Amino acid sequence: MPATARWSSRFIGIDDGSTGGNPGGVTDARARAERFADLFRATYLTFHRRDGPRSQLPGASRAVLEHLALAGPLTVGEAAAHMSRAQSVISEIVTHLERQGLLEREDDPADRRRTLIWLTAQGHEALRRDREVLSVDMLASAMARLPPDQADELMAGLRTLVDLAARPHDPGNDPI
């Protein structure tokens with residue numbers, strides 16, 4: 001039997017988990033990625049917040065709060081321009097958020113004719129809670145039982161994984 005016939009009879013044209021000679025086979029990196037994805041799912045299911053809906057903020061309100069948290073104090077007009085929305089729409093959202101105690105208006109110290117909008121302490125806390133997907137209390141309880149060096153290694157590994165995903169791939173840096 002010719003070598004190509006022997007090879008083709010071993011593989012059926014789909015990913016059967018074999019890596020030898022099969023260009024579509026599972027690689028070590030792929031297998032690790034699949035194990036990580038399974039663990040990530042299990043982590044999420046174990047530690048997700050269970051204290052009610054994650055967000056009480058409508059999308060537009062959340063967007064205004066997030067933008068202010070990143071950009072700093074702005075006028076309503078500046079916020080509208082940054083967010084490519086009508087000034088009347090942003091003004092209405094700001095008024096609503098101000099009534100909820102999440103934003104406040106203050107005079108611009110550099111120009112008293114301008115009024116800036118900015119997050120209150122309650123606004124910062126609402127954003128923090130809205131961003132919290134996992135229960136920090138549940139994670140802290142589990143981390144307390146983990147040896148500190150293992151916790152540090154876990155954090156370092158996750159940080160490295162996130163950092164690598166943000167950079168373009170350079171095959172010259174792949175491990176041998």
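Reader: Is Glu-132 buried or exposed?
Author: Happy to start there, keeping in mind that this is a predicted model. Glu-132 is found in the loop between α6 (121-131) and α7 (136-144). Its relative accessibility is 12%, and the cut-off for a buried residue is under 20%. Glu-132 therefore counts as buried.

Reader: Thanks! With which side chain does the side chain of Glu-132 make a polar contact?
Author: The contact joins two side chains, and its distance is 3.0 Å. The partner of Glu-132 is Arg-129.

Reader: Which residues are linked with Glu-132 in a network of salt bridges?
Author: Arg-129, the polar contact partner of Glu-132, is a member of this network too. Besides Glu-132, the network links Glu-125, Arg-128 and Arg-129.

Reader: How many salt bridges does a search of the whole structure find?
Author: A salt bridge here needs a side-chain nitrogen of Lys or Arg within 4 Å of a carboxyl oxygen of Asp or Glu. Searching the whole structure on that basis gives a total of 12.

Reader: Let's take some pairs, then. In the salt bridge of Arg-114 and Asp-108, which residue counts as buried?
Author: The two side chains meet with N and O 2.8 Å apart. Arg-114 has 30% relative accessibility, so Arg-114 counts as partly exposed. Its partner has 9% relative accessibility, and the residue that counts as buried is therefore Asp-108.

Reader: And how do Glu-98 and Arg-105 count, given what their relative accessibility is?
Author: These residues form a salt bridge, with the closest N and O atoms 2.8 Å apart. Glu-98 is at 32% relative accessibility, so Glu-98 counts as partly exposed. Arg-105 is at 34%, and therefore Arg-105 also counts as partly exposed.

Reader: Where do Arg-159 and Asp-163 lie?
Author: Their closest N and O atoms are 3.1 Å apart, in a salt bridge. At 48% relative accessibility Arg-159 counts as partly exposed, and Asp-163 counts as partly exposed at 34%. The two are four residues apart, about one turn of the helix, and both lie in α8.

Reader: Moving on to pockets, which element gives the most to the lining of the largest pocket?
Author: The largest pocket holds about 490 Å³ of space. Elements giving two or more residues to its lining are α2 (28-47), α7 and α8 (148-166). With six residues, the element that gives the most is α2.

Reader: Which residues lie nearest the centre of the largest pocket?
Author: The lining consists of 14 residues. Nearest the centre are Phe-36, Thr-43, Leu-154, Met-155 and Leu-158.

Reader: How many residues in the lining of the largest pocket are nonpolar?
Author: Sorted by class, the lining has one polar residue and one charged residue. The nonpolar residues number 12.

Reader: What pattern does the chain follow along the sequence?
Author: The secondary structure comes to eight helices and two strands. From start to end, the pattern reads α-α-α-α-α-β-β-α-α-α.

Reader: What share of the residues in the chain is buried?
Author: The chain has 176 residues. Glu-132 and Asp-108 are among those that count as buried. Across the chain, the buried share is 19%.

Reader: One last thing: what share of the contacts with a separation of 6 or more comes from residues 24 or more positions apart?
Author: Taking the contacts in the chain with a separation of 6 or more as the whole, residues 24 or more positions apart account for 47%.

Terms used:
Residues numbered from 1 in each chain as written. Predicted model: local features only at pLDDT ≥ 70, side-chain atom pairs only at ≥ 80, totals over all residues. Heavy atoms only, no water. Buried < 20%, exposed > 50% of the residue type's maximum accessible area, 1.4 Å probe, protein only. Polar contact = N/O pair within 3.5 Å; in protein donor to acceptor, adjacent residues only side chain to side chain. 1 Å grid on protein atoms, 1.4 Å probe; cavity = no way out; pocket = protein on both sides within 12 Å on 5 of 7 lines; lining within 4 Å. Points joined across faces, edges and corners; volume = space filled by probe spheres on them. Nonpolar A, V, L, I, M, F, W, Y, C, P; charged D, E, K, R; others polar. Contact = heavy atoms within 4.5 Å.
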